[in-house]
Amino acid sequence: MTASRPLVWAATGYRFENVGTQSTSEPGSEVVLTLPRTDVQGWKDGRSGAILDVSAEGAYSHRYIAQVRYLDEAGRSIGVPFTIGPFVLPEGDGVLDLDTTVPASTVAGDAVSVPDSWGADVVAARAAAEAAEAALASIGQATVAPEPQTVARRTGAGTLKTAAPVDDDDAVSLGVARDSFAPTTLVRDIRGFLLPGETLDPTGQVDMSAILQRAWDTLAVEYAAQTPTLGRKLPYQVSFPAGRFKATDINVLYKSGVGIVGQGPAQTTFLPFGNTAFLHGFTGDEWVEGQYHDDLVFTGFTVDCANQSSGGYNHAMKGMFIQHMRRARWERVHIHNSWATGFGCDFLEDSVLVDCVASNAGRGVPPNRNGTGAGFGIGNGGAPNESVTLINCLSFNNYSHGFFIEHLNRPEALYSSRGFSMVGCIGKRNWHGLFEAGGNGSTYTGCHFVDNEYAGVILRGTGASKGGGKDVLISGGTISGNGAQAGGGVILRDVAEGGLTLSDVLIFDNAGPGVWAPTGALVGTGITVKGCKIKNNAGAGIRLDVAAVDLSVVGNEILGNAGDGVRLAASTGRLRVVDNVARRNAGYGLALAGAAEYASGRPRITGNRFVENVAGGLLNEQAVDNSADIRDNITTATPTNLLSDPSFETTTTGATSLNATLTRPNVGAAAHSGSYVLRGTYSGTGGSGYGVITTTGAVTGGVVVRGVAWVKALPGRVIYPTLNTGSPSLQIIGAKQIATGGWQRIEIEGVVSAGKTTARVGCYVDTNAAITTGEVIDMDDVELMIVA
């Protein structure tokens, strides 16, 4: 039994939590629950603190919902649970609880202090009890105590037993795991809808579509007939046991209030066959305004679409294809191997997907990779506010996109819809991690888009959408390892409506530019990149090959990219490049490239550190209308390498080793640069690992020294750099890394202590594993530089 809201008795501060009261009877016995009355003046809402006025005829402070379950001898639930309510418990006759015989105030709800418990002296209504008894008797299964009383009880030293509260209109959870914002559902076992002689096959051999369709249709009618509670109806979920269930065609069109709950993604799997989605509720262009799918709740199962097939690509062959949904929820639902998109639901309002997974969508191979075939594909435009949130969802190995938001080209798509958000989601090994094609103020917080073939994130139009999203905010998270197919990290193909903000994102190790607007792109007003770390990308850190107005690049670290730190190859208006560090890039720190281009509107380029970039600090080839605010920037050239033979092409003189034999083998093309490497071969002695150390470079106390080396060691070994300064040597130890078996760059910086006049770079294999006599570590292309 669960109340519809938490309560506080105003006179004493006593709390009655809506956490659910339960009791289990012996066979043949009654169950008696003691509960506060619902018509007593003096309760406050436990969340808002508002006094609950029950003075009007029929008014109540709260209501109750009861669930009746049947258990076998082992305590396991059997049969189908029944729900009664919502109902009230007004004043009436009744037998008092023992606590109520203690002399106390006659005002209902007053606190009573006794040695072992305390409560509110309220008599429950016989009429309500008889109504509940009649409802139970009608199913011929159980009885209810005719005279329930009301008493608030506590345990231990005055500590209330509490759990997560439920919302006023979400009074009780019927056997479904949920969090604080999950809806209440009424659960019905699928086996309760079997016809005489019919069975439910859990092996996936016999089609169960007719059974599920029968359950869906029946419960949709029951849902439609419900009287709303506080403006809401309670949705149903059809419960499935563990097993694999074949399904050919489930039509849920405009059948609200029904969903599915399984035993978990690893236990309950649905197997759609043929050329339709597992569940479909769409009409093409024939939607009638006011028709919706309301309160569809899906929990804890997998849809494996490996048996979907068609003579050609069919965009409607999704895992789920339902449109015009309100208050929909998916939690722990996995969809794999769909012919088209996995989660393909459009025009959603007030809906959420939590802990869901999509993989290998687009198995039917769409005609291009800029449209359907995504893991999650959400179309919008049907309402001004289409609030949809994805939380902790994973999408991988899909033909087109991990996540796809698109403004649809449909007659009802009249709005630039707001309200889409993603939190903590991961898109990996897709063509695009995120394809943004029409969100309005969409937010992506703490998401990770990694190892996607063309782009981690791309903003552009489609055949349906006129362009990429506007006023999009991407904050936190990582965009890494993307762009192997001539792409990059973040690609701005069409942001003509402008407003994109990248904030505090780590953008690194992409196979092209970190942020890139290529030739032919449409870039609108107000693009902002702020507080990001953009490093080690195989192109420029930020590169715009097209004109932009109100471009802001503020407070970023732009490090070690293979091109310029920031390259603006076309005209800009009101440019702001402020307080950035652009360091160790292969080109310039900032390049305003193109003698025929303009930097108009008094560009502000100030407070930046353009240092140690190979080509130089600041390149300005463009015509600047007012250069007064191009000032206060620090620009320095690449520092000198203190090592005269950094690739060991001529000698190892001055180099040394630890627990290793030092050699300089000619490995030809296997070297990182040139033909030779410095090699240390483990001698089999010494318990502190082994390594190689370069010759010395001259330094002075107080300078900042950086050591950089390319290192190769057995995969899985732990490697780390050091700076060894002075004599006697003072060693600065750098961060440890896991060796890949190939060449990898390691770096260390440190301040030289007073009195030290030399420095060396060392690279070591740690003793995290049982290192083997004869194994080697190779070093090449070493840099030892004074950087400050």
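# A tour of the chain, from one arginine outward

Begin by selecting Arg 37, which counts as buried at 10% relative accessibility. The model on screen is predicted. Now add Asp 39 to the selection: its side chain meets that of Arg 37 in a salt bridge, with 2.7 Å from N to O. Asp 39 has a relative accessibility of 24% and so counts as partly exposed.

**The whole chain**

Zoom out to the full view. The chain has two helices and 70 strands. It is made of 788 residues, 52% of which count as buried. Colour the surface by atom type: the chain exposes about 31,200 Å², and carbon and sulfur atoms supply 51% of that area. Of the contacts in the chain with a separation of 6 or more, 73% are between residues 24 or more positions apart.

**More salt bridges**

How many salt bridges does a search of the whole structure find? The search finds 29.

Select Arg 327 and Asp 295. These two form a salt bridge, and their closest N and O atoms are 2.7 Å apart. Arg 327 is in the loop between strand 17 (320-326) and strand 18 (329-336), while Asp 295 is in the loop between strand 15 (293-294) and strand 16 (297-304), so the pair ties together parts that are 32 residues apart in sequence. Is each partner buried or partly exposed? Arg 327 is partly exposed, at 25% relative accessible area, and Asp 295 is buried, at 2%.

Go on to Arg 543 and Asp 545, whose side chains meet in a salt bridge of 2.8 Å, N to O. Arg 543 is partly exposed with a relative accessible area of 31%, whereas Asp 545 is buried with 16%. Next, select Arg 583, Arg 584, Glu 612, Arg 706, Arg 745, Glu 747 and Glu 749 together: salt bridges with shared partners join these residues into one network.

**Strand 35 and its partners**

Select residues 488-492, which make up strand 35. Five of its five residues are buried, so strand 35 is largely enclosed by the rest of the structure. Add residues 455-459, which are strand 32; four bridges join strand 32 to strand 35, and the two run parallel. Then add residues 515-517, strand 39, which is joined to strand 35 by two bridges and also runs parallel to it.

Which residues stand opposite Ile 491 of strand 35? Ile 458 is opposite Ile 491, and Trp 516 in strand 39 is opposite Ile 491 as well.

**Helix 2**

Move to residues 209-225, the 17 residues of helix 2. At 1.5 Å a residue, helix 2 should span 24 Å, and its end C-alpha atoms are 24 Å apart, which agrees. Show the side chains and pick out the buried residues: Ser 209, Ile 211, Leu 212, Gln 213, Ala 215, Trp 216, Leu 219, Ala 220 and Tyr 223. An α-helix has 3.6 residues a turn, so residues three or four places apart point the same way. Among the buried residues of helix 2, Leu 212, Trp 216, Leu 219 and Tyr 223 can be selected to look at this spacing.

**Two cysteines**

Finish with Cys 305 and Cys 532. Cys 305 counts as buried at 0% relative accessibility, and Cys 532 counts as buried at 2%. A disulfide is a covalent bond between the sulfur atoms of two cysteines. How many disulfides does the structure hold? The structure holds zero.

Notes. Residues are numbered from 1 along each chain as its sequence is written. This is a predicted model: local features need pLDDT of at least 70, side-chain atom pairs count only at pLDDT 80 or more; totals for chains, interfaces and linings use all residues. Side-chain values use heavy atoms; hydrogens and water are left out. A salt bridge is a side-chain nitrogen of Lys or Arg within 4 Å of a carboxyl oxygen of Asp or Glu. Buried means under 20% relative accessible area, exposed over 50%, partly exposed in between (1.4 Å probe, protein chains only). Contact means heavy atoms within 4.5 Å. Accessible areas come from the Shrake-Rupley method with a 1.4 Å probe; for residues, only the protein chains shown count as cover. Two strands pair if DSSP finds at least two bridges between them. The expected span of a helix is 1.5 Å times one less than its number of residues. A disulfide is a pair of cysteine sulfur atoms within 2.5 Å.
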